[in-house]
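Here's a walk through one protein chain, written for someone who would rather look at a model than at a spreadsheet. Keep the viewer open as you read.

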Amino acid sequence: MSAATAIPRTNLLGLSREQMEAFFVSLGEKKFRAAQVMKWIHQEGCDDFESMTNLSKPLRARLEEHAEIRGPSVVYEGTSSDGTRKWVLEVEDGSYVETVLIPADSGTRRTLCVSSQVGCSLDCSFCSTGKQGFQRNLTSAEIIGQVWVAQQRAGGRMSAPDGRRAITNVVMMGMGEPLLNYDNVVPSMKLMLDDNAYGLSKRRVTLSTSGVVPMIDKLGDDIDVSLAISLHAANDELRNELVPLNRKYNIRKLLDSCQRYLAKCGDARHITIEYTLIKDVNDQQVHAQELVALLDELPCKINLIPFNPFPIRGTRSHPAIRSCASRAGSTSSAIPRWYARPAATTSMRHAVSWWARSRIAPSATSAISSRSSWTPTELPRSAASPARRRRPGARQSVWRRAGVALTSLRSGALMGAPKPLCYQLLGIRPSDYRRPVNVGEP
């Protein structure tokens with residue numbers, strides 16, 4: 001057979017278990033071969049059929065003829081001082097996507113942030129990816145290939161110093177809107193959950209969406225992974241400006257779809273609410289109060305994320321965002337000066353923290369209040385706790401028991417963000433900077 005008429009080889013990397021079984025049946029083989037090959041690919045990181053020693057030599061020869069294992073190629077790899085690792089990967093058509101591995105909890109938790117599209121069509125006013133425009137959806141092989149590459153680069157599936165997995169969590173929070181690439185994202189997440197592939201718990205795989213309501217409803221019928229919502233505003237007027245998709249699916253429709261999703265999960269679950277704090281845009285006390293009132297009936301945790309300024313091309317962005325971007329200049333790693341002592345951010349933290357305390361049982365609240373180390377000046381004095389020192393570990397338990405997490409997202413251009421920034425957002429005194437503090441992740 002000439003090269004011009006040769007049958008293209010099938011890339012096995014992105015095939016689900018059902019697709020892999022169908023492939024082996026088409027070769028005249030038994031279905032159990034699918035599980036064998038999946039383990040070689042996803043658990044051993046193997047891309048050479050000759051190394052798959054539990055397969056017969058004739059089968060290995062046929063696989064060489066009809067199949068391949070091809071992932072994205074790495075064009076850049078960087079490691080931050082805090083251990084965060086970032087890869088720029090080249091996919092099929094020469095486009096580039098980013099993948100970031102974020103360590104936390106002293107390295108015992110390693111979360112991989114995965115992209116779903118090349119570019120994005122939603123054009124959120126604060127998002128660098130949206131300003132690049134939309135090019136195309138990633139295939140299942142290109143999505144799961146990010147996990148495959150990161151696991152190999154991290155040393156292998158069980159290569160962590162503590163003997164645990166190199167990747168413990170996956171979040172679909174990279175480039176693109178995952179629900180607009182539904183047909184490739186859902187099979188990829190099923191591979192992440194499959195025991196013959198990565199074997200992650202459904203609570204450790206999270207999909208983040210800007211709010212494509214019909215697809216959230218469909219997602220609940222197909223897979224029950226954890227769900228995160230890019231909210232960023234508590235009223236429709238502001239969210240229309242920050243997240244244009246809100247004009248089609250407003251906040252009320254979005255939160256109703258979240259309730260329907262939780263109902264389909266069948267177990268105690270919460271939604272992660274992502275809220276990027278942008279100076280003079282959505283970080284004032286009134287915004288915190290709106291957020292508390294809005295989410296009162298939704299089981300959720302709140303992930304406060306510092307805005308990372310970037311050079312903006314064009315003018316369809318809030319003036320305050322453009323101001324931050326102009327300070328960033330030609331580099332995307334600039335941290336705004338006002339983050340040195342974020343007074344407005346502190347107001348948001350106090351309001352959300354008080355909301356957290358109000359949802360704890362009275363007995364627990366009393367014990368927590370006795371260890372308080374700060375007094376919220378924005379709240380009535382009667383609501384403030386005694387000004388006694390609280391251990392950082394005790395503060396973290398307050399947030400966890402209340403279901404509210406406060407996070408500094410250490411990905412992308414925030415890889416070099418100073419650790420004291422995380423501590424300031426948690427309200428911990430400078431004298432405690434030397435003490436270990438676990439900052440929650442999505």
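Two strands count as paired if DSSP finds at least two bridges between them. By that rule strand β10 (residues 205-209) and β11 pair up, since 4 bridges join them, and they run parallel. One thing to keep in mind while looking: this is a predicted model.

**The whole chain**

The chain holds 15 helices and 13 strands. Of its 442 residues, 56% are buried. If you take contacts between residues at least 6 apart in sequence, 64% of them join residues at least 24 apart. On the outside, the chain exposes about 19100 Å², and carbon and sulfur atoms supply 50% of that.

**A run of parallel strands**

Let's go from strand to strand. Strand β6 (residues 109-113) pairs with β9 in the parallel sense over 3 bridges. Strand β9 in turn pairs with β10, again parallel and over 3 bridges. You've already met the link between β10 and β11, with its 4 bridges. Finally, β11 and β12 are parallel partners over 3 bridges.

Here are residues that face each other across these pairs:

| Residue | Stands opposite or bridges to |
|---|---|
| C113 | V171 in β9 |
| V171 | T206 in β10 |
| L207 | L227 in β11 |
| A228 | T272 in β12 |

How does the chain get from β10 to β11? It crosses through helix α7 (residues 213-222), and this β-α-β crossover is right-handed. There's a right-handed β-α-β unit just ahead of that too, made of β9, helix α6 (residues 182-193) and β10.

Now look at the side chains. In a regular strand they alternate between the two faces of the sheet. In strand β9 (residues 169-172), N169 and V171 point one way and V170 and M172 the other, and all are buried. Strand β11 (residues 226-230) is mostly covered, with 5 of its 5 residues buried. There, S226, A228 and S230 point one way, L227 and I229 the other way.

**The nonpolar core**

Which residues have the most contacts inside the largest nonpolar core? They are M189, L219 and L295, in a core of 94 residues. L219 makes a good case to zoom in on. Leaving out its neighbours within four places in sequence, L219 is in contact with L179, Y182, V186, M189, L207, L227 and Y261. That list includes M189, another of the core residues with the most contacts. It also includes L207 and L227, and L227 is the bridge partner of L207 in β11.

**Polar side chains under cover**

N282 is found in the loop between β12 (271-277) and α10 (285-294). Is this residue buried or exposed? N282 counts as buried because its relative accessible area is 0%, and the cut-off is under 20%. What does its side chain do in there? The N282 side chain reaches the backbone oxygen of T276 at 2.7 Å, and a polar atom of that side chain lies 2.7 Å from the backbone nitrogen of I278.

K86 is another polar residue to check, found in strand β4 (residues 85-90). At 13% relative accessibility, K86 counts as buried. Its side chain makes a polar contact with the side chain of E98 (3.4 Å).

**Two loop residues**

L13 is in the loop between β1 (10-11) and α1 (17-26). With 0% relative accessibility, L13 counts as buried. Setting aside neighbours within four places in sequence, L13 is in contact with I41, H42, R70, G71, A141, I144, G145, W148 and L191. L13 and D47 are 34 residues apart in sequence, and their C-alpha atoms are 9.0 Å apart in space.

C46 is in the loop between α2 (32-43) and α3 (57-66). It's buried as well, with a relative accessible area of 9%. Not counting residues up to four places away in sequence, C46 touches W40, I41, S51, M52, I69 and W148. Both I41 and W148 are also contacts of L13. The C-alpha atoms of C46 and Q152 are separated by 9.5 Å, although the two residues are 106 apart along the chain.

Terms used. Residues numbered from 1 in each chain as written. Predicted model: local features only at pLDDT ≥ 70, side-chain atom pairs only at ≥ 80, totals over all residues. Heavy atoms only, no water. Buried < 20%, exposed > 50% of the residue type's maximum accessible area, 1.4 Å probe, protein only. Polar contact = N/O pair within 3.5 Å; in protein donor to acceptor, adjacent residues only side chain to side chain. Core = buried A, V, L, I, M, F, W, Y, C linked by side-chain atoms within 4.5 Å. Contact = heavy atoms within 4.5 Å. Right-handed = clockwise from strand over helix to strand, strands pointing away. Areas by Shrake-Rupley, 256 points an atom, 1.4 Å probe, with all protein chains shown as cover.
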